[in-house]
Amino acid sequence: MTDATLSAYEAMAKLRFDNDSRAWAMNTLSRLEENFQALSPVDTTGAEPLVSVLDTQNVFREDKAVKFIEREELLELAFEEYDGYFQVPKTID
């Protein structure tokens, strides 16, 4: 890990490290790079990308738009209504 590489990471992440944090980051990222280098000889030819370790299917129901209450019926339940919408107290000045 070079100082220029860490500076590039800082710029991408919009971070600014102090000297102690910079030394820690350089050490941590160097070890991370070494670990990835150790994996580079592994032959992954024919390996399918793994999206999830779980063998599940989509368990959700089919999404269908259903209208069950008419606007007028719903607005009858409102404390206040204005121009076809709920009228609520102002919360921000």
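**Notebook: surface, salt bridges and distances**

I began with L74, which is partly exposed, with a relative accessible area of 35%. The model I am reading is a predicted one. L74 sits in helix α3, which covers residues 71-75. I then looked up which surface feature L74 belongs to. L74 is one of the residues of a nonpolar surface patch of about 790 Å². The other residues that make this patch are V66, F68, I69, L77, F86 and V88. A residue needs over 30% relative accessible area to be part of a patch, and L74 has 35%, so L74 passes that cut-off.

**Entry on rings**

How many aromatic pairs does a search of the whole structure find? The count is 0. I also checked for charges over rings. R71 lies over the face of Y85, and the distance to the ring centre is 5.3 Å.

**Entry on salt bridges**

I counted the salt bridges next. The total is 2.

One of them is formed by D3 and R22, whose closest N and O atoms are 2.8 Å apart. This pair links distant parts of the chain, with D3 in helix α1 (residues 3-13) and R22 in helix α2 (residues 19-39). D3 and R22 are 19 residues apart.

The side chains of R22 and E10 also meet in a salt bridge, at 2.8 Å from N to O. Here R22 lies in helix α2 and E10 in helix α1, so the pair ties together parts that are 12 residues apart in sequence. Salt bridges with shared partners join D3, E10 and R22 into one network.

I wanted to know how much of each member is covered. Is R22 buried or exposed? R22 counts as buried, because its relative accessibility is 15% and the cut-off for buried is under 20%. E10 is buried too, with a relative accessible area of 10%. D3 counts as partly exposed, at 44% relative accessibility.

**Entry on E10**

I stayed with E10, in helix α1, and listed its contacts. Which residues does E10 touch, leaving aside neighbours within four places in sequence? They are L15, R16, F17 and R22. In this list, R22 is the salt-bridge partner of E10.

**Entry on L6**

L6 is another residue of helix α1. At 0% relative accessibility, L6 counts as buried. Not counting residues up to four places away in sequence, L6 touches M1, F17, R22, A25, M26 and L29. I noted that F17 and R22 are on this list and are also among the contacts of E10. From L6 to R22 the C-alpha distance is 8.1 Å, with their places 16 residues apart in sequence.

**Entry on positive phi**

I looked for residues other than glycine with a positive phi, and noted K14 and D83.

Phi of K14 is near 55°. Where is K14 found? K14 is in the loop between α1 and α2. K14 is exposed, with a relative accessible area of 76%.

D83 has a phi of about 55°. Its place is in the loop between β1 (81-82) and β2 (85-86). Is D83 buried or exposed? D83 is exposed, because its relative accessible area is 61% and exposed means over 50%.

**Entry on distances to K90**

K90 lies in the segment after β2. It counts as exposed, at 69% relative accessibility.

How far apart in space are K90 and A23, C-alpha to C-alpha? The distance is 51 Å, and the two are 67 residues apart in sequence.

I made the check again with T5, which is in helix α1. T5 is partly exposed, with a relative accessible area of 27%. T5 and K90 are 85 residues apart in sequence, and their C-alpha atoms are 51 Å apart in space.

**Closing entry**

I end with what I would look up again in the model. D3, E10 and R22 form one network of salt bridges. R22 is in contact with E10 and is touched by L6. L74 is in helix α3 and takes part in the nonpolar surface patch.

Notes:
Residues numbered from 1 in each chain as written. Predicted model: local features only at pLDDT ≥ 70, side-chain atom pairs only at ≥ 80, totals over all residues. Heavy atoms only, no water. Patch = residues over 30% accessible without salt bridge, like charges linked within 9 Å, V, L, I, M, F, W, Y side chains within 5 Å. Areas by Shrake-Rupley, 256 points an atom, 1.4 Å probe, with all protein chains shown as cover. Salt bridge = Lys/Arg side-chain N within 4 Å of Asp/Glu carboxyl O. Helix = DSSP H or I, 4+ residues; strand = E, 2+ residues; numbered from the N terminus. Buried < 20%, exposed > 50% of the residue type's maximum accessible area, 1.4 Å probe, protein only. Phe/Tyr/Trp six-rings, centres within 6.5 Å; stacked < 30°, edge-to-face > 60°. Lys NZ or Arg CZ within 6 Å of the ring centre and 35° of its normal. Contact = heavy atoms within 4.5 Å.
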